[in-house]
Amino acid sequence: MNDFEPGTVWLVGAGPGDPDLLTRKAERLIRAADVIFHDALVGRGILHLALRRTRLVSVGKRSGRHSKEQKTIDALIVEAALSGKRVVRLKGGDPAIFARAAEEMAACRAHGVAVRICPGVTAASAAAADLGVSLTLRGMARRLTFVTAHVRAGQEPDLDWRALADPQATLAIYMGKAAAPDVSAGLMAAGLPGDTPVALAESASLPERRTLMTRLDLLPLAAQAGLGDGPALILVGAALKPEVLAEPAPANLRALSVSASDHTSLYRCASGG
Ligand SMILES: C[S@@+](CC[C@H](N)C(=O)[O-])C[C@H]1O[C@@H](n2cnc3c(N)ncnc32)[C@H](O)[C@@H]1O
């Protein structure tokens, strides 16, 4: 199938990290690319799929460590396409979720460069899979909200806590690790109970992944004590309730059982019990 002409750009979703979660189309585009501009969160296992002739350019962005300005990235992509290259812009997760896809597509279109999106598995889906939970739940979680709590250093997240504090919703909070205390305080002030279930998933889908079950009032403590340096997602809502997981956990979910006991000790520690 020739859907990758020279001089065109594909924004490709690399998924949450596990190369097995890459789509077949993403792999085909990666192998056809002349140049790949990739994010920091795209792992080696995925970059190894590129052919040796393909130029790999890191335009990595990690929290607090922006290696290139967005405008520079836009210009690099456009320039490569205008010079006749097949360009892949490889992004963690799904390119259309908190990934600056709109800016990059606008830059391409402004220069007459054809640009398309190849979707990927977003971090919230990978986190739910690692935790063994459903993000929606009949009668209990009818709404799923993706929100970013990313803020510049020294600022608080500018979020509408009232709109987000919906007991019938699951909240998937991207880039929220540093903002965990604000998330907890903001949602509780807007009416969500302190015992609302919360799950933390770090490096979802990867061998080094960590999962942690806690509750909204303990979220700051859990995020501080339970997470490392990897990318992490916060899930909030009744769908994550431990009793929803009444079935015995399959063997591959033992990490969650360990995490659940971490939660108990975190809870006891915080409540003096
Ligand atoms: C700039 S956003 C990109 C989101 C991405 N486009 C997606 O659809 O997953 C980066 C944030 O996604 C989340 N994230 C990405 N990969 C993750 C992973 N493997 N495990 C947990 N969270 C992840 C983290 O909240 C991280 O700070």
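Here is a chat about a predicted model of one protein and the ligand it holds.

Biologist: Let's start simple: how many helices and strands are there in the protein?
Modeller: The chain has 273 residues, and 42% of them count as buried. As for the secondary structure, the count is nine helices and 12 strands.

Biologist: And among contacts between residues at least 6 apart in sequence, what percentage join residues at least 24 apart?
Modeller: A14 and G92 make a handy example, since they sit 78 residues apart along the chain while their C-alpha atoms are separated by 5.0 Å. For the protein, the share of such contacts that join residues at least 24 apart is 71%.

Biologist: Which strands stand at the edges of the sheet with the order 3-2-6-1-7?
Modeller: That sheet is open, has five strands and is paired in parallel. An edge strand has a single partner, so one of its sides is left without a neighbour in the sheet. Here that goes for strand 3 (55–58) and strand 7 (115–118).

Biologist: By what angle are neighbouring strands of this sheet turned against each other on average?
Modeller: Direction is ignored for this value, and the average for the sheet with the order 3-2-6-1-7 is 20°.

Biologist: Staying there, what is the bridge partner of I36 in strand 6?
Modeller: Strand 2 (residues 35–38) and strand 6 (residues 87–91) run parallel and share four bridges. I36 has its partner in strand 6, and that partner is V88.

Biologist: Which strand does helix 4 make about 150° with?
Modeller: Two helices are worth looking at here. Helix 1 lies across strand 1, strand 2, strand 6 and strand 7, at about 135° to strand 1. Helix 4 (residues 101–110) packs on the sheet too, touching strand 1, strand 6 and strand 7. The strand whose direction makes about 150° with that of helix 4 is strand 7.

Biologist: Is A14 buried or exposed?
Modeller: A14 is in the loop between strand 1 (9–13) and helix 1 (24–32). Its contacts farther along the sequence include L22, V42, L90 and G120. The cut-off for the label is 20 other C-beta atoms within 10 Å. A14 has 31 of them, so it is buried.

Biologist: On to the other sheet: which strands are at the edges of the order 8-9-12-10-11?
Modeller: This one is also an open sheet of five strands, with mixed pairing. Each edge strand has a single partner, so one side has no neighbour in the sheet. The two are strand 8 (143–148) and strand 11 (210–215).

Biologist: Which residue in strand 11 stands opposite A201?
Modeller: Strand 10 and strand 11 run antiparallel and are joined by six bridges. Opposite A201 in strand 11 is T211.

Biologist: What angle does helix 8 make with strand 11?
Modeller: Helix 8 packs on this sheet, where it touches strand 10 and strand 11. The angle between the directions of helix 8 and strand 11 is about 160°.

Biologist: Which residues of helix 7 are buried?
Modeller: Helix 7 spans residues 180–189. Its buried residues are covered by, among others, helix 6 (161–164), strand 9 (169–174), helix 8 (219–226) and strand 12. Those buried residues are A180, V183, S184, G186 and L187.

Biologist: S203 has a positive phi; is S203 buried or exposed?
Modeller: Most residues other than glycine have a negative phi. S203 is not a glycine, yet its phi is about 50°, and its place is in the loop between strand 10 and strand 11. With 26 other C-beta atoms within 10 Å, S203 is buried.

Biologist: What about R100: what is its phi?
Modeller: R100 is in the loop between strand 6 and helix 4. R100 has 16 other C-beta atoms within 10 Å, so it is partly exposed. R100 is not a glycine either, and its phi is positive, about 60°.

Biologist: Last one: which helix gives the largest share of the shell around the ligand?
Modeller: The shell has 24 residues, with G93, T122, A123, A204 and P231 coming nearest, and it divides into 15 nonpolar, six polar and three charged. Domain 1 (9–118) and domain 2 (123–271) each give at least three residues. Helix 5 (123–131), strand 10 (197–202) and strand 12 (232–236) each supply at least two. The largest share, three residues, comes from helix 5.

How values were computed: Residues numbered from 1 in each chain as written. Predicted model: local features only at pLDDT ≥ 70, side-chain atom pairs only at ≥ 80, totals over all residues. Near = placed C-beta within 6 Å. Nonpolar A, V, L, I, M, F, W, Y, C, P; charged D, E, K, R; others polar. Domains from an automatic or database assignment. Buried ≥ 20, exposed ≤ 12 C-beta atoms within 10 Å, placed from the backbone. Contact = placed C-beta atoms within 7 Å. Pairing = 2+ DSSP bridges. Axes fitted to C-alpha atoms, helices over the stretch in contact; angles between N-to-C directions. Lists of a residue's contacts leave out its neighbours within four places in sequence.
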